[in-house]
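User: Could you walk me through how the two chains sit together here? I'll ask as we go.

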There are 2 protein chains.
Amino acid sequence: MIAVDWGGSSLRVYRLDAGGNVLEERRSALGVLACTEGFEQVLRQQIAGWDDTSIVMAGMIGSRQGWVEVPYVNCPATLSDIAAGMVEIRAPTLSDRQLWIVPGLLHRSESNSADVLRGEEAQLCGLMPRIGAARQIVCLPGTHSKWVVVEQGRIESFLTAMTGEVFDLLRRHSLLGRLMTEPGEDADHAAFFHGMARAQQPGGLLHHLFSVRTAGLLATLQPAQLASYLSGLLIAHELLGSEACAQVRGGTVHLIGAPALLEAYALALRRFDTNVQLHGELLAAAGVYVLARQRGLFA
Amino acid sequence: MIAVDWGGSSLRVYRLDAGGNVLEERRSALGVLACTEGFEQVLRQQIAGWDDTSIVMAGMIGSRQGWVEVPYVNCPATLSDIAAGMVEIRAPTLSDRQLWIVPGLLHRSESNSADVLRGEEAQLCGLMPRIGAARQIVCLPGTHSKWVVVEQGRIESFLTAMTGEVFDLLRRHSLLGRLMTEPGEDADHAAFFHGMARAQQPGGLLHHLFSVRTAGLLATLQPAQLASYLSGLLIAHELLGSEACAQVRGGTVHLIGAPALLEAYALALRRFDTNVQLHGELLAAAGVYVLARQRGLFA
């Protein structure tokens with residue numbers, strides 16, 4: 001089968017064998033937001049030469065901006081609930097294939113505020129069979145970080161923190177960004193921890209952000225250190241804000257994502273006396289495979 | 001005399017009589033960051049026809065990006081401390097005038113974190129003679145909001161919250177901004193209060209921000225309401241984060257600024273059972289006058 005992880009800014013296709021092992025992988029920058037020529041054509045080109053019948057897609061491709069809007073499945077959600085929410089679509093120029101899109105998830109908290117995710121459900125479905133049934137906390141850092149509680153094969157609840165997007169906005173467009181120079185090859189751990197420490201003082205994030213400016217103006221940090229400081233400040237605020245994270249302090253968090261980002265989160269979590277277990281991004285392919293199997297697309 | 005309020009994005013000049021009353025006012029968009037042709041020439045054109053000897057300037061004009069960098073004066077600071085920090089400068093084509101720049105303020109908190117302001121000291125010096133000696137909380141909302149404690153004619157301490165800049169960044173450059181349409185003529189109070197309520201739930205600002213997206217996606221708010229919702233969310237976070245504000249709950253806050261912004265802050269503070277007293281932006285001219293007099297520029 002072919003597993004497709006089609007997000008806003010990237011497209012990854014995986015060719016899997018009958019046991020779900022990745023045989024080949026292709027990556028492209030043709031994310032949903034960059035596709036102007038039609039999703040069908042982009043997909044056809046991306047899987048050229050792969051003749052597998054089943055194609056299962058996850059991510060923003062199932063959103064309002066995507067190919068077809070696939071309704072969210074409510075939490076708590078099991079693998080079977082998510083598989084039942086998969087939607088089959090038709091593509092005239094791929095009529096010899098079975099095309100499916102995986103649904104995203106919706107969680108309503110007790111205070112009736114809602115949260116959504118799309119794409120991360122694939123990685124979670126890939127992770128769950130590997131970590132046993134006990135209650136676990138999973139963090140998927142990124143533009144929009146997700147903190148997820150899984151238990152007994154169910155995705156119980158989750159919340160989103162816009163850490164990555166806010167970091168990027170501040171660095172590229174704000175007055176703070178003007179003071180920063182490119183950091184050296186390695187992230188500056190001292191500045192990162194300094195930012196984490198600031199986040200734990202009173203005043204709130206909107207106040208703490210200004211300390212990037214004062215540190216630059218008063219030269220208590222060098223321009224090349226300010227990005228690491230801001231990163232530590234924001235990640236610590238994310239950790240302090242996340243109830244899931246608060247509960248797990250002293251326990252273990254499963255981190256899923258790209259290596260550079262995982263390194264920063266692992267550093268921050270260990271600083272908060274929390275253990276981490278790192279998982280690579282290939283989990284998305286594994287999760288799509290598990291869902292396809294659950295849906296009965298093949299024996 | 002001539003009082004000049006020269007910030008990053010605007011330039012205001014006031015012609016004052018011997019009692020400090022504003023006779024004439026001129027405004028320009030030639031803020032410090034927009035001045036490419038030299039500050040002296042811009043100032044000369046701006047005060048054309050005004051032959052007053054003393055010209056006293058406040059704001060970013062005294063920063064590193066300004067005409068001359070004027071060292072910060074430490075808090076607590078009296079009128080007399082600030083006047084003593086004023087710096088006289090020379091301008092070849094304005095040699096018949098006395099030109100002075102007012103210093104900004106620096107505050108170090110007990111945790112040794114520093115905060116700075118430049119320009120707001122003028123408004124504060126204009127306000128202090130009018131509000132008596134008892135301890136008072138002053139808020140100057142804006143791109144970088146300032147919360148200030150004044151007492152016994154001293155500016156005791158202050159902190160900055162980057163509320164206005166963060167709002168602007170999110171609205172113009174983020175994924176959240178894409179969901180928003182222009183609000184109607186009036187701000188939407190219901191959406192504003194809804195945002196304030198969200199800020200008081202657990203999860204932290206980075207998480208709460210994402211609720212703008214879910215409210216848009218799930219249509220619990222209309223696109224035209226999302227900017228008011230985000231405004232209420234951010235202002236409430238600013239209020240909850242500001243210790244000065246926390247102390248004053250149930251008391252009175254002095255608000256200084258432009259009418260539209262004051263309206264939003266007054267709405268938010270009253271919602272938090274706090275009284276407000278509104279003051280216009282002309283206080284800057286009054287403050288510069290008080291400082292010039294204190295420095296002995298005229299009898």
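Analyst: Let's start with how copies are compared: they are superposed by least squares on the C-alpha atoms of residues with pLDDT of at least 70 in both. This is a predicted model, where local features need pLDDT of at least 70, side-chain atom pairs count only at pLDDT 80 or more, and totals for chains, interfaces and linings use all residues. Residues are numbered from 1 along each chain as its sequence is written, chains are lettered from A and ligands numbered from 1 in the order in which they are written, and side-chain values use heavy atoms, with hydrogens and water left out.

User: What kind of axis relates chain B to chain A?
Analyst: A turn of 180 degrees with a shift of 0.0 Å along the axis lays chain B on chain A, and the RMSD is 0.1 Å. That makes the relation one of a two-fold axis.

User: Which residue of chain B comes closest to the rotation axis?
Analyst: Go by the C-alpha atoms here, and look for a distance of 3.4 Å from the axis. The residue of chain B that comes closest is B:Leu169.

User: How much area is buried between chain B and chain A?
Analyst: Buried area is the accessible area (1.4 Å probe) that two parts lose on being put together, summed over both. Carbon and sulfur atoms give 70% of it here. B:Met162, B:Leu206 and B:Phe210 supply 19% of what chain B buries against chain A, more than any other three residues. The area between the two chains is about 3700 Å².

User: How many salt bridges are there between chain B and chain A?
Analyst: A salt bridge is a side-chain nitrogen of Lys or Arg within 4 Å of a carboxyl oxygen of Asp or Glu. Over all chains the structure holds 20 of them. Between chain B and chain A, though, the count is 0.

User: Which helix gives the largest share of the side of chain B that touches chain A?
Analyst: Helices (H or I, at least four residues) and strands (E, at least two) are DSSP runs, numbered from the N terminus. Several elements of chain B supply at least two residues each, including β13 (154-161), α4 (163-173) and α8 (226-241). The largest share, 8 residues, comes from α7(B).

User: Which residue meets the side chain of B:Thr160 in a polar contact?
Analyst: B:Thr160 is in strand β13 of chain B and counts as buried because its relative accessibility is 0% (buried means under 20% relative accessible area, exposed over 50%, partly exposed in between; 1.4 Å probe, protein chains only). A polar contact is a pair of N or O atoms within 3.5 Å; within protein, one must be able to donate a hydrogen and the other to accept it, and residues adjacent in sequence count only if both atoms are side-chain atoms. Contact in general means heavy atoms within 4.5 Å, and B:Thr160 touches residues of both chains, among them A:Leu206 and B:Val116. At 2.6 Å, the side-chain partner is B:Asp115.

User: How far apart in sequence are the parts tied together by B:Glu281 and B:Arg12?
Analyst: B:Glu281 forms a salt bridge with B:Arg12, with the closest N and O atoms 3.5 Å apart. B:Glu281 lies in the loop between β15 (275-279) and α11 (283-294) of chain B, and B:Arg12 lies in strand β2 (residues 11-16), so the pair ties together parts separated in sequence by 269 residues.

Methods
Lists of a residue's contacts leave out its neighbours within four places in sequence.
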